[in-house]
Each structure stands twice: as C-alpha cells, then as structure tokens.
Amino acid sequence: MEYEVNRLQTRIAKATKDNNRNKVKRLQYLLTHSFYAKAFAVRKVTTNKGKNTSGVDNKLWSTPASKMKAALKLSDKRYRSKPLRRAYIAKKGKNKKRPLAFLLCMTGQCRHYMH
C-alpha cells in the first residue's frame, strides 16, 4: 500500500521537475482518488499518538471495519473545507496565551494526509 502511494508521489515529483504540468495534474488526480492513498491516509491517522482521541464529530476509528468504512467513504464529492478550531492555551511561565489550532474531524485529517 505504502509502496504504491510512494511510487505515485515519485512520478509526480519527476513530472514537476520536467515542468510537465498536465501530467502532474493527472497524477495528482490519480493519487487523490486511489484506494491505496485513502487507506494509507486512514492508517496514518489511526496509528499516530492521537489515535485514541476522537474529533469534534465524536467518531473514533478503532475497529478494522470502521477503518475500511472510513477509507471507502473518503471522497472529494460535496466536500467543503472547514476552518480549524482554535483553543488558546497558556504559555509556559508567562501570563499570555497562545493559539492552538486543530482539525475538526478524522476525515479532515485523512484529507490532509492525502494531499
């Protein structure tokens, strides 16, 4: 799975280096619509440190069935990007606060890994 995604990404890099924009566009479309890329994105989201934390949508992909359903559900049809949620946390040793932004849901994180 990872091999196929890396292969497509390498082809995109070569086409970019050769300044072949049409080929880059076609390969990017192929990458974002491939099942391997979607499954790899779901795997990246569900195997990181925050895998036990659900998003704002209160969904947690912990079972293999839910991961497969999520990979099949990922598509760009009728998708509108949502803004990041911001929370202000205190700075260490100071009275000031700093912004902390995070994605709203698991599918948003997967789309981030796919692009």
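Select Arg7 and Glu4 to begin: their side chains meet in a salt bridge, with N and O 3.1 Å apart. A salt bridge here is a side-chain nitrogen of Lys or Arg within 4 Å of a carboxyl oxygen of Asp or Glu. Side chains of opposite charge can pair when their charged atoms come close. Both Arg7 and Glu4 sit in helix H1, three residues apart, which is about one turn of the helix. Helices (H or I, at least four residues) and strands (E, at least two) are DSSP runs, numbered from the N terminus.

Before moving on, here is what you are looking at. This is a predicted model, in which local features need pLDDT of at least 70, side-chain atom pairs count only at pLDDT 80 or more, and totals for chains, interfaces and linings use all residues. Residues are numbered from 1 along each chain as its sequence is written, and side-chain values use heavy atoms, with hydrogens and water left out.

How exposed are the two partners? Arg7 has a relative accessible area of 41%, so it counts as partly exposed, and Glu4, at 28%, is partly exposed as well. The cut-offs are under 20% relative accessible area for buried, over 50% for exposed, and partly exposed in between (1.4 Å probe, protein chains only). The areas come from the Shrake-Rupley method with a 1.4 Å probe; for residues, only the protein chains shown count as cover.

**Next stop: Arg43 and Glu2**

The count of salt bridges comes to two. Select Arg43 and Glu2 for another pair, whose closest N and O atoms are 3.6 Å apart. This pair links distant parts of the chain, since Arg43 is in helix H3 and Glu2 is in helix H1, 41 residues apart. Arg43 is partly exposed, at 37% relative accessibility, and Glu2 is partly exposed at 37%.

**Zoom out**

Color the whole chain by secondary structure. What pattern does the chain follow along the sequence? Reading along, you meet α-α-α-α-β-β-α, made of five helices and two strands. Of the 115 residues in the chain, 24% count as buried.

**Along helix H3**

Select residues 35–46, which form helix H3. Its 12 residues, at 1.5 Å a residue, should span 16 Å, and the end C-alpha atoms are 16 Å apart, so the two agree. The expected span is 1.5 Å times one less than the number of residues. Which residues of H3 are buried? They are Ala37, Lys38, Ala39, Phe40, Ala41, Val42, Val45 and Thr46.

Now pick Phe35, also in helix H3. Phe35 is partly exposed because its relative accessible area is 39%. Add Met1, Tyr36, Met68 and Leu72 to Phe35, and you have a nonpolar surface patch of about 490 Å². H3 and helix H4 (64–73) are the elements that give two or more residues to this patch. Patches are made of residues with over 30% relative accessible area and no salt bridge; like charges are joined within 9 Å, and nonpolar side chains (Val, Leu, Ile, Met, Phe, Trp, Tyr) within 5 Å.

**A charged patch**

Select Lys91, Lys94, Lys96 and Arg98, which gather in a patch of positive charge on the surface. Lys and Arg count as positive and Asp and Glu as negative, while His and the chain ends are not counted. The place of a charge is taken as NZ of Lys, CZ of Arg, CG of Asp or CD of Glu. Lys91 is in the loop between strand S1 (85–90) and strand S2 (97–102), and Lys91 is partly exposed at 34% relative accessibility. Arg98 belongs to strand S2 and is partly exposed at 36%. Draw a distance from Arg98 to Arg86: their C-alpha atoms are 9.9 Å apart, with their positions 12 residues apart along the chain.

**Two loops to finish**

Go to Asn19, in the loop between helix H1 (2–17) and helix H2 (21–33). Its phi is near 60 degrees, a positive value in a residue other than glycine. Most residues other than glycine have a negative phi. Asn19 is exposed, at 57% relative accessible area.

Finally, select Leu74, in the loop between H4 and S1. Is Leu74 buried or exposed? With a relative accessible area of 2%, Leu74 is buried. The C-alpha atoms of Leu74 and Ala39 are separated by 9.3 Å, although these residues are 35 apart along the chain.
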